Amino acid sequence: MEACGLIVEYNPFHNGHVYHIQEAKRVSKADCIIAVMSGSFLQRGEPAIIDKFHRTNAALSAGIDIVLELPYPYAVQSSDMFSKGSVHTLNEIGVSSICFGSESGDISHFTKSYKVYNENKAIFKETLKSCLNQGLSFPEASRKAYEKIGLTTSEIDLSQPNNILGFSYVKAILDNDLPIDPLTITRTKSGYHDKKITGAVASATGIRNKLFTDQVISAEIQETMPAETVSQLQLYKHEATTWHNWEHYFQLVHYRVLTMSLNELAGIHGVDEGLEHRIKRTANDVTSLDEWIEKIKTKRYTWTRLQRIFAHILTNTTKADMQAAKSSSSVPYVRILGMTEIGQSYLNRHKKNMEVPLVANLSRNTDPMLSMEEKASRAYYSILPAKKKRDFHKQELQPPILKFPKQ
């Protein structure tokens, strides 16, 4: 059996994701589709709208055969670290290809660009460093560095969000000489950050904005996603009483910052260059997280970067905690959240070849990254009523979700 890997967040799962799965099956000709998915908190630093278990159920009902969890130290990161964790997780479970959506839609653009990048790496790094020293944000500095070596004006535009992520995946594969074929498909219709819903294919951003505004799943929203996603969104809100967004966590983050010393705050991952003073100074004058980020935001510290920092403050993720992820050549384990019958068959054949442990739950919590995962999970559920908080966290100790056909 051959497997194709997808790198996803499913926040929430929608019709564009269905198309991605169908196209991945077509171009890879794989027998099994494996998704590595961010858990409680996502790449841009936001809490997932519903928890990873309900998102896993939606994915398994729509064509994914195995759902793996991307460890927190890689999930809430910029593109290169996010890609490192995702690609190595999929490599450890033995995928032969990884398929991603991009604005380009042509994998040769990515592989040619990798060659250009490799040949001009010194110029890229020098330009990046110079732009950062001028106070530009990392995304803007990267864009200018790519532009300097011709990678925002040629066949591939590395100022586009999915092209940036896709290029990071290709770099992770080729830098580490992994036995994985990178594949890409063209993203359909709705753009990454599109906030308007104009048909059956909408961005996750647009869907979330509509859900948070309406607080109900309207007919317009239902048109954009499979029935099982609708069901999981309804079920989670009924059970947990809410869909998660950052403002639910404002009081908790605010309390943390007000009671931390400057040294403690400076020890949090991402709090660099004296940013702890700016965070502390603004804390007494804000009444929402949006307002707080607006007060702290600069050209250097973008909205996304600050959201990630607030996620690390909430989860008490320190610079020391992150050292293992940064220094490790791969991932320390592979955690499985759920599988279908096809997924189980694939695992039975391939798990004996794995070089890292396959983790089914957090009950035997021995790796430091699993401890960080548990902290992230507890922080994620912390906004729920006490009994529900406890009940939902128990899912971390349960075996993986099995989605088998009814006999």
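**A nonpolar core and two helix pairs**

In this predicted model, the largest nonpolar core holds 128 residues, and those with the most contacts inside it are Leu-6, Tyr-10, Ile-34, Ile-279, Trp-292 and Ile-313. Such a core is a set of buried Ala, Val, Leu, Ile, Met, Phe, Trp, Tyr and Cys residues joined through side-chain atoms within 4.5 Å, where buried means under 20% relative accessible area (1.4 Å probe, protein chains only). Helix 19 (residues 368-381) gives the largest share of this core, seven residues. Helices here are DSSP runs (H or I, at least four residues), numbered from the N terminus.

Local features need pLDDT of at least 70, side-chain atom pairs count only at pLDDT 80 or more, and totals for chains, interfaces and linings use all residues. Residues are numbered from 1 along each chain as its sequence is written, and side-chain values use heavy atoms, with hydrogens and water left out.

Trp-292 also takes part in a helix pair: Leu-289, Asp-290, Trp-292, Ile-293, Glu-294 and Ile-296 in helix 15 meet Trp-303, Leu-306, Gln-307 and Phe-310 in helix 16, contact being heavy atoms within 4.5 Å. Helix 15 (residues 289-296) packs against helix 16 (residues 303-315) at about 120°, their axes 10 Å apart; axes are lines fitted to C-alpha atoms over the stretch in contact, and angles run from 0 to 180 degrees between N-to-C directions.

Helix 2 (residues 52-60) and helix 11 (residues 227-240) pack at about 160°, with axes 9 Å apart. Helix 2 is therefore roughly antiparallel to helix 11, a label for angles over 145 degrees. In this pair, His-54, Asn-57 and Ala-58 of helix 2 meet residues of helix 11 including Leu-235 and Tyr-236.

Definitions and conventions
Helices (H or I, at least four residues) and strands (E, at least two) are DSSP runs, numbered from the N terminus. Buried means under 20% relative accessible area, exposed over 50%, partly exposed in between (1.4 Å probe, protein chains only). Angles under 35 degrees count as roughly parallel, over 145 as roughly antiparallel, 65 to 115 as roughly perpendicular and the rest as oblique.
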